[in-house]
Amino acid sequence: MLVVIPCLIYRKSGFIGPKDQRIFLVLRGTLGSIAMILLYYAFQTTSLADATVISFSCPVFTSIFACIFLKEKYGLWDALFTAFTIIGVIFIVRPPFLFGSNASRMSESYSDHLKGTFASVGHAVFAALTLVILRKMGKSVDYFLTIWYYVVVGLMVSTIILFILGEWSLPYCGLDRLFLMLIGLFGLGGQVFLTKAIQIEKAGLVALMRTMDVVFAFIFQIIFLNDVPTWWTVGGALFVVASSTGAAIRKWCQSSK
């Protein structure tokens, strides 16, 4: 809020938005907030690489929702990319009924890993809905205004959930408070760049560049957390990245014709 408010005042965008777009702005804020909460929960319950890779099934859900709500075409290639994503997620989850009982013997609890997986998939679904809403609004709404709704609704949703769970407290460690502020700043930066990118560049190219998230997730997990991803995760990542990259290139080629 401290960063977005001065930007809105400087750009003279207002704080409410066009009357015909307010419902979409509220939906963007609500769905975007839920998506982010699910992603942070996934980071806490499973590995950084696993959560990041699974969240990259977002382009598949985006294609499905765009077909339903925006009447965009969903063809054979889209179905193939969906199948690739499902295979990639299965490689990462490694359900015991497919991979045997040894597959679930991980360093972390398998039940927690499963919760993190479902949270990551949930993030992908809600993030896809958010992208469809942003595409629906297009350039008719200032991108900082869409972030403003995300911030306001996110604050309300997070506050309510914290009171319900009884977890409303400051971290004991001062370093954790610094990390929380950095999460806010880096998260805001990511939202600003992503929202602006969707407005000024073809969605296919944006999705293609976002696959770098997976690369950074692997690198950061190894460097900062000293946690080397399993070969199953690497294999699943290849399937998911191939799916999202293929979908992005196809959309890019279609829009360039």
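Let me begin with one residue, I223, which counts as exposed because its relative accessibility is 57%, and a residue is called exposed when that value is over 50%. I should say at once that what we are looking at is a predicted model, so please hear everything that follows as a description of that model.

I223 sits in helix α11, and I223 also belongs to a nonpolar surface patch of about 1,100 Å², whose other members include M209, F216, I219, F220 and V228. Helix α11, residues 212-225, gives the most to this patch, with nine residues. In soluble globular proteins, nonpolar side chains tend to be buried together.

Let us turn from the surface to the interior. The largest nonpolar core has 29 residues, and those with the most contacts inside this core are V4, L145 and I147. Two or more residues each come from α1, which is residues 4-11, from α2, from α4, which is residues 58-69, and from α7, α8 and α9. The largest share, nine residues, is given by α7. If we take I147 and leave aside its neighbours within four places in sequence, we find I147 in contact with V4, R28, L188, Q191, V192 and T195. Apart from this core there lies another one, of 12 residues, among them V53, F56, V89 and F218.

Next, two of the helices. For α2, residues 22-45, the 24 residues should span 34 Å at 1.5 Å a residue, and the end C-alpha atoms are 35 Å apart, so the two values agree. The buried residues of α2 include L25, R28, G29, L31 and, further along, A42 and T45. And what covers them? The cover includes α3 at 48-55, α7 at 110-137, α8 at 143-165 and α9 at 174-200.

The same reasoning can be applied to α7, where 28 residues should span 40 Å at 1.5 Å a residue, and where the end C-alpha atoms are 41 Å apart, which agrees as well. Just after α7 comes G138, and this glycine takes a positive phi of about 60°.

I would like to finish with a residue in helix α4, namely S63. Is S63 buried or exposed? S63 is buried, because its relative accessible area is 9%, and the cut-off for buried is under 20%. Not counting residues up to four places away in sequence, S63 touches Y74, D78 and K251.

How values were computed
Residues numbered from 1 in each chain as written. Predicted model: local features only at pLDDT ≥ 70, side-chain atom pairs only at ≥ 80, totals over all residues. Heavy atoms only, no water. Helix = DSSP H or I, 4+ residues; strand = E, 2+ residues; numbered from the N terminus. Expected span 1.5 Å × (residues − 1). Buried < 20%, exposed > 50% of the residue type's maximum accessible area, 1.4 Å probe, protein only. Contact = heavy atoms within 4.5 Å. Patch = residues over 30% accessible without salt bridge, like charges linked within 9 Å, V, L, I, M, F, W, Y side chains within 5 Å. Areas by Shrake-Rupley, 256 points an atom, 1.4 Å probe, with all protein chains shown as cover. Salt bridge = Lys/Arg side-chain N within 4 Å of Asp/Glu carboxyl O. Core = buried A, V, L, I, M, F, W, Y, C linked by side-chain atoms within 4.5 Å.
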